[in-house]
Amino acid sequence: MYISYNNFLCYLHKYLSSLKINTQNSLILNNYLTNLSIYTRNNNLQISNHFPSNTITPFLKFLLAQAILPIDDLNLYKYDKLNAHFLDAIINKRAYLMPINKLNDLLDYVNDASYPQNNYMNYSKVFCSSTSDDNLLNWSHHADNYSGVCYSFRLKDTLIDLNKKLNDCLIVYGPVNYVSSRTLLLPNNLQPLLKNDYYLINNIILVFNKNNDFAFEKEFRILLSNNEEIKLDYAKLNIERLIKGFKDITVVDLLKSISPNIKKERIYLSKAHYKIRKKDL
């Protein structure tokens, strides 16, 4: 079961609006729904279509009764160093799925002691990429200071493959939102009402929101959300293009020999502008 993060927020609003709760919780929930309404309206989020299956929590059952939405057929980009992980990704056309409690961004929620540990945090996995292949800061920070690589893959192929292998797992995908505060998090008072759904929902919201300072990354995440162990370590990648940084040209011949069906390019900096250009490797 897969759904974009934006559609997840739309359905969350619809689901929470349908709950029958006591007066005390009603006020808390109405305040939360007001914030969520402002966000969905400001970002022009809308829902469409229909989607099947079985699951456990009430919110997941609600999602399953709603819609299977068309997958955004995007090209995404993964920046990497020239190391064993990169070679494994290119040769085997796959990506390592990182447990979310191992994310290394300093401000990711797993480093926040105030947020309670839960099974969704312990067992969910994520794959991080970018929507841009020509970002100077990404090349500097995530591709070994222009010595590394960036490779492109198709989102649709990866999601279809994951959905086949994980039919009991919620797959949420979409660009990361860069924010100054965590206004979309469910308040603690709603945990007794929502039970496990409280952790499911908040974990998804936390994974798809980061501090404004990281906006340069233009990050795109695929989240596998589950409260039990996910016995899958890699996601399939349909890699179409490999781009080499302009430093360390000693490995060019090696890269040319890897997966000949993948288009190979190399970046260079424009002399007239602070922009990246590409040419065949």
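Lys195 is placed in the loop between α8 (191-194) and α9 (196-207). In this predicted model, the phi angle of Lys195 is near 55 degrees, a positive value in a residue other than glycine. Most residues other than glycine have a negative phi. Lys195 counts as exposed, because its relative accessibility of 54% is over the 50% limit.

A second lysine with a positive phi is Lys218, for which the angle is near 50 degrees. Lys218 belongs to the loop between β9 and β10. With a relative accessibility of 43%, Lys218 falls between the limits of 20% and 50% and therefore counts as partly exposed.

The loop between β9 (209-211) and β10 (219-225) also holds Glu217. Glu217 has a relative accessible area of 7%, which is under 20%, so this residue is buried. When neighbours within four places in sequence are left aside, the contacts of Glu217 are Ser130, Asn138, His142, Tyr178 and Lys210.

Across the chain as a whole, 10 helices and 14 strands are assigned. The chain has 281 residues, of which 50% count as buried. Its accessible surface amounts to about 14100 Å², and carbon and sulfur atoms account for 49% of that area. Among contacts between residues at least 6 apart in sequence, 76% join residues at least 24 apart.

Two pairs of residues illustrate positions separated in sequence. Gln24 and Asn189 are 165 residues apart along the chain, and their C-alpha atoms are separated by 9.5 Å. Gln24 is located in helix α2 (residues 23-42). The relative accessible area of Gln24 is 61%, which is over 50%, so Gln24 is exposed. In the other pair, Gln117 and Tyr199 are 82 residues apart along the chain, with a C-alpha separation of 9.1 Å. Gln117 lies in the loop between β4 (98-99) and α5 (119-123). Gln117 is likewise exposed, because its relative accessible area of 55% is over 50%.

Helix α1 comprises 14 residues (residues 5-18). At 1.5 Å a residue, α1 should span 20 Å, and its end C-alpha atoms are 20 Å apart, which agrees with the expected value. The buried residues of α1 are Tyr5, Asn7, Phe8, Leu9, Cys10, Tyr11, Leu12, Tyr15 and Leu16.

Cysteine also occurs at other buried positions. Cys128 has a relative accessible area of 17% and is buried, because this value is under 20%. Cys169 counts as buried for the same reason, at 1% relative accessibility. A disulfide is a covalent bond between the sulfur atoms of two cysteines. The structure holds zero disulfides, so no pair of cysteine sulfur atoms lies within 2.5 Å.

On the surface, Tyr96, Met98 and Tyr234 make a nonpolar patch of about 260 Å². Tyr234 is found in strand β11 (residues 234-236). Tyr234 counts as partly exposed, because its relative accessibility of 30% lies between the limits of 20% and 50%.

How values were computed. Residues numbered from 1 in each chain as written. Predicted model: local features only at pLDDT ≥ 70, side-chain atom pairs only at ≥ 80, totals over all residues. Heavy atoms only, no water. Helix = DSSP H or I, 4+ residues; strand = E, 2+ residues; numbered from the N terminus. Buried < 20%, exposed > 50% of the residue type's maximum accessible area, 1.4 Å probe, protein only. Contact = heavy atoms within 4.5 Å. Expected span 1.5 Å × (residues − 1). Patch = residues over 30% accessible without salt bridge, like charges linked within 9 Å, V, L, I, M, F, W, Y side chains within 5 Å. Areas by Shrake-Rupley, 256 points an atom, 1.4 Å probe, with all protein chains shown as cover. Salt bridge = Lys/Arg side-chain N within 4 Å of Asp/Glu carboxyl O.
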